[in-house]
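Me: I would like to go through the labels attached to this structure and ask what each one rests on. Please set the values against the cut-offs.

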Amino acid sequence: MGKTKKDEKPRGTDPLINKKAKFNFELLDSFEAGVVLTGSEVKSLREKKGNLTDCFAKVRNGEVFLENFQIPPYKNGGYANHPEIRPRKLLLKAKEIEKIDRSIKEKGLVLVATRCFFKNNRLVKIDIALAKPKKLYDKRDDIQKKEAKIDMERAMKEHLRK
């Protein structure tokens with residue numbers, strides 16, 4: 001059965017995921033936040049374009065802003081297209097912002113974006129997490145555990161084949 005153009009096109013419900021966040025940080029507490037975007041940015045995200053890799057958030061004047069969230073310009077946007085990288089305001093409740101700000105100041109945590117998705121195929125949401133940076137030996141330990149798990153699965157697969 002051949003693929004149609006509809007099959008090749010990414011769905012708007014597929015999330016953008018920051019895979020480096022779990023590797024570089026120990027994620028402690030997560031929040032779901034809305035994002036203030038322009039129309040062409042939403043259209044770019046619907047085409048599954050965007051990069052959360054170096055994305056982080058900062059609290060300024062009681063508001064949370066997302067930094068380094070790369071959304072490439074919409075190809076049919078015309079002259080009124082958006083800049084690729086700009087601070088984007090996150091919509092959170094005042095109590096959540098207060099909790100985040102307190103954690104960042106007292107415990108030395110950082111706020112990292114982990115996932116961007118469409119809720120009910122309408123609203124753009126970002127999952128942000130309070131995170132503690134991992135040390136190099138923690139990263140090495142994670143790599144060793146991952147490799148050991150893969151080796152065990154291979155051995156089990158080979159054993160079941162015989």
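Reply: The model is a predicted one. A place to begin is lysine 48, which has a positive phi of about 65° just after H3.

Me: What makes the phi of lysine 48 worth a remark?

Reply: Most residues other than glycine have a negative phi. Lysine 48 is not a glycine, although its phi is positive, at about 65°. The residue lies in the loop between H3 and strand E3 (56-60).

Me: Why is lysine 48 called partly exposed?

Reply: Its relative accessible area is 30%. Buried would need a value under 20% and exposed one over 50%, with partly exposed in between, so lysine 48 is partly exposed.

Me: Which value of phi does asparagine 121 have, and how is its exposure classed?

Reply: Asparagine 121, also a residue other than glycine, has a positive phi near 55°. It is found in the loop between E6 and E7. Its relative accessibility is 42%, so asparagine 121 counts as partly exposed.

Me: How do you know that serine 44 is buried?

Reply: The relative accessible area of serine 44 is 0%. The cut-off for buried is under 20%, so serine 44 is buried. The residue is found in helix H3. Its side chain reaches the backbone oxygen of proline 72 at 2.7 Å. Leaving aside neighbours within four places in sequence, serine 44 is in contact with Lys49, Ile71, Pro72, Pro73, Tyr74 and His82.

Me: What puts the buried residues of H3 on the same side?

Reply: The buried residues of helix H3 (residues 39-46) are Ser40, Glu41, Ser44 and Leu45. They cover an arc of only 140° around the axis, which puts them on the same side of H3. What covers them includes strand E1 (16-17), strand E5 (88-91), strand E6 (110-119) and strand E7 (123-133).

Me: Which residues have the most contacts inside the largest nonpolar core?

Reply: That core has 26 residues, and those with the most contacts inside it are Leu45, Phe69, Leu90, Ile126 and Ile128. Strand E2 (25-35), strand E4 (63-67), helix H4 (94-107), E6 and E7 each give two or more residues to this core. Isoleucine 126, apart from neighbours within four places in sequence, is in contact with residues including Phe31, Val35, Leu66, Phe69 and Leu90.

Me: What makes E2 and E7 a pair, and which partner does glutamate 32 have in E7?

Reply: Nine bridges join E2 to E7, and pairing takes at least two, so they count as paired. The two strands run antiparallel. Glutamate 32 stands opposite aspartate 127 in E7. E2 is also joined to E5 by two bridges, again antiparallel, and there valine 35 stands opposite leucine 90.

Me: Why is aspartate 127 called buried?

Reply: Its relative accessible area is 15%. That is under 20%, so aspartate 127 is buried. Its contacts, leaving aside neighbours within four places in sequence, include Glu32, Val112, Thr114 and Phe117.

Me: How do you know that the length of helix H5 agrees with its residue count?

Reply: At 1.5 Å a residue, the 26 residues of H5 (residues 136-161) should span 38 Å. The end C-alpha atoms are 38 Å apart, so the two values agree.

Me: What makes H5 hardly covered?

Reply: The count of buried residues among its 26 residues is zero.

Methods:
Residues are numbered from 1 along each chain as its sequence is written. This is a predicted model: local features need pLDDT of at least 70, side-chain atom pairs count only at pLDDT 80 or more; totals for chains, interfaces and linings use all residues. Side-chain values use heavy atoms; hydrogens and water are left out. Buried means under 20% relative accessible area, exposed over 50%, partly exposed in between (1.4 Å probe, protein chains only). Helices (H or I, at least four residues) and strands (E, at least two) are DSSP runs, numbered from the N terminus. The arc is that of the directions from the helix axis to the C-beta atoms. Contact means heavy atoms within 4.5 Å. A nonpolar core is a set of buried Ala, Val, Leu, Ile, Met, Phe, Trp, Tyr and Cys residues joined through side-chain atoms within 4.5 Å. The expected span of a helix is 1.5 Å times one less than its number of residues. A polar contact is a pair of N or O atoms within 3.5 Å; within protein, one must be able to donate a hydrogen and the other to accept it, and residues adjacent in sequence count only if both atoms are side-chain atoms.
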